[in-house]
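Reader: I'm new to reading protein structures, and the vocabulary trips me up. Could you take me through one and tell me what earns each label?

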Amino acid sequence: MVADLTTQEKLDMASKIDAHIAKHQHMPGALLPILHAIQDDIGWVPEACYLPISKALALSIAEVHGVVTFYHHFHTHPVGKHVLQICRAESCQAMGSEKLETNVKAALGIDYHETTQDGAVTLLPVYCLGNCACSPNVMLGDDVYGRMTADKVAAIVAEARAT
Ligand code: FES
């Protein structure tokens, strides 16, 4: 959380946010590129960016907030080094995602929206990854993995942790 940051860390974050706004604000439809750049750089989209973005793009803070919270891709809180998402939509549920999520939660020792104690993995639910034919699916980082079992998830998480 921003409240936990030192003054210097807050200044560094504000500086990064300003740089991403300056770089993208003149593009058509600049809001999404700015939000992507901030998340790619900082790891999440802090509320502290809403005001400077709204000023630069002549939007209301509510409009910026609305876009950030509409897209599940954007993290509104700090996340671990790796984000693991388990699909909870219909096709994956029909193919056993409930059992999968129970086992993955137990293996990681966390629930949804939590991060492992070592800061390595944040677990999030997601609703359809567009890969229904290979259900059940998970997404780790930017990669989708189909026909998952708890053992397969453990293997890809272990591989990610090793990087
Ligand atoms: S329902 Fe899970 S990928 Fe579509």
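**Talking through the labels**

Author: Happy to, and let's start with one pair: Cys87 stands opposite Val126 in E3. Keep in mind that this is a predicted model.

Reader: What makes E1 and E3 a pair of strands?

Author: Two strands pair if there are at least two bridges between them. E1 and E3 are joined by six bridges, so they pass that test, and they run parallel.

Reader: How do you know that E1 (residues 82-87) pairs with E4 (residues 138-140) too?

Author: Same kind of check: the cut-off is at least two bridges, and three bridges join E1 to E4, so they count as paired. Here the direction is antiparallel. One bridge partnership to look for is Gln85 with Met139 in E4.

Reader: What makes E2 and E3 count as paired?

Author: They have two bridges, and the rule asks for at least two. So E2 and E3 pair, in the antiparallel sense. Glu114, for instance, stands opposite Leu123 in E3. E2 and E3 also form a hairpin, with five residues between them. In that turn, Gly119 has a positive phi of about 75 degrees.

Reader: Why are E2 and E5 called edge strands?

Author: Look at the order of the open sheet: E2-E3-E1-E4-E5. E2 (114-115) and E5 (143-145) each have a single partner strand, so one side of each is left without a neighbour in the sheet.

Reader: And why is the pairing called mixed?

Author: The five strands do form a sheet with mixed pairing. You've met both kinds: E1 and E3 run parallel, whereas E1 and E4 run antiparallel.

Reader: Which helices lie across the sheet strands?

Author: H6 (residues 97-108) lies across E1 and E3 (121-126), running at about 155 degrees to E1. H7 (residues 150-161) lies across E1, E3, E4 and E5, at about 10 degrees to E4.

Reader: Why are H6 and H7 called oblique to each other?

Author: Their axes come within 9 Å and cross at roughly 45 degrees. Under 35 degrees would count as roughly parallel, and roughly perpendicular covers 65 to 115. The angle of roughly 45 degrees falls in neither range, so H6 and H7 are oblique. Their crossing is right-handed. The contact is made by Leu100, Asn103, Val104 and Ala107 of H6 and Ala150, Val153 and Ala154 of H7. By class, that gives six nonpolar, one polar and no charged residues.

Reader: What makes H1 and H3 roughly parallel?

Author: H1 (residues 7-24) and H3 pack at an angle of about 20 degrees, with their axes 10 Å apart. The cut-off is under 35 degrees, so H1 and H3 are roughly parallel. H1 passes H3 in a right-handed crossing. Ile17, Asp18 and Ile21 in H1 meet Pro52, Ile53 and Ala56 in H3. That contact has five nonpolar, no polar and one charged residues.

Reader: Why is H3 called roughly perpendicular to H4?

Author: The axes of H3 (residues 50-57) and H4 (residues 61-70) come within 8 Å and cross at roughly 115 degrees. The label covers 65 to 115 degrees, so H3 counts as roughly perpendicular to H4. Tyr50, Leu51, Ile53 and Ser54 in H3 meet Ile61, Val64 and His65 in H4. By class, the contact has five nonpolar, two polar and no charged residues.

Reader: What makes the backbone at His113 and Pro136 worth pointing out?

Author: Most residues other than glycine have a negative phi, and most peptide bonds are trans. His113 has a positive phi of about 70 degrees although it is not a glycine. You'll find His113 in the loop between H6 and E2. The peptide bond from Ser135 to Pro136 is cis, with omega near -5 degrees, and Pro136 lies in the loop between E3 and E4.

Reader: Last one: how is the protein chain divided overall?

Author: Into domain 1 (2-70) and domain 2 (82-161), with their C-alpha centres 28 Å apart. The chain has seven helices and five strands, running α-α-α-α-β-α-α-β-β-β-β-α from the N terminus on.

Note on methods
Residues are numbered from 1 along each chain as its sequence is written. This is a predicted model: local features need pLDDT of at least 70, side-chain atom pairs count only at pLDDT 80 or more; totals for chains, interfaces and linings use all residues. Domain bounds come from an automatic or database domain assignment. Axes are lines fitted to C-alpha atoms, for helices over the stretch in contact, and angles run from 0 to 180 degrees between N-to-C directions. Helices (H or I, at least four residues) and strands (E, at least two) are DSSP runs, numbered from the N terminus. Angles under 35 degrees count as roughly parallel, over 145 as roughly antiparallel, 65 to 115 as roughly perpendicular and the rest as oblique. Two residues are in contact if their C-beta atoms, placed from the backbone, lie within 7 Å. Ala, Val, Leu, Ile, Met, Phe, Trp, Tyr, Cys and Pro count as nonpolar, Asp, Glu, Lys and Arg as charged, and the others, Gly among them, as polar. A crossing is left-handed if the near helix is turned anticlockwise from the far one by less than a right angle, and right-handed if clockwise.
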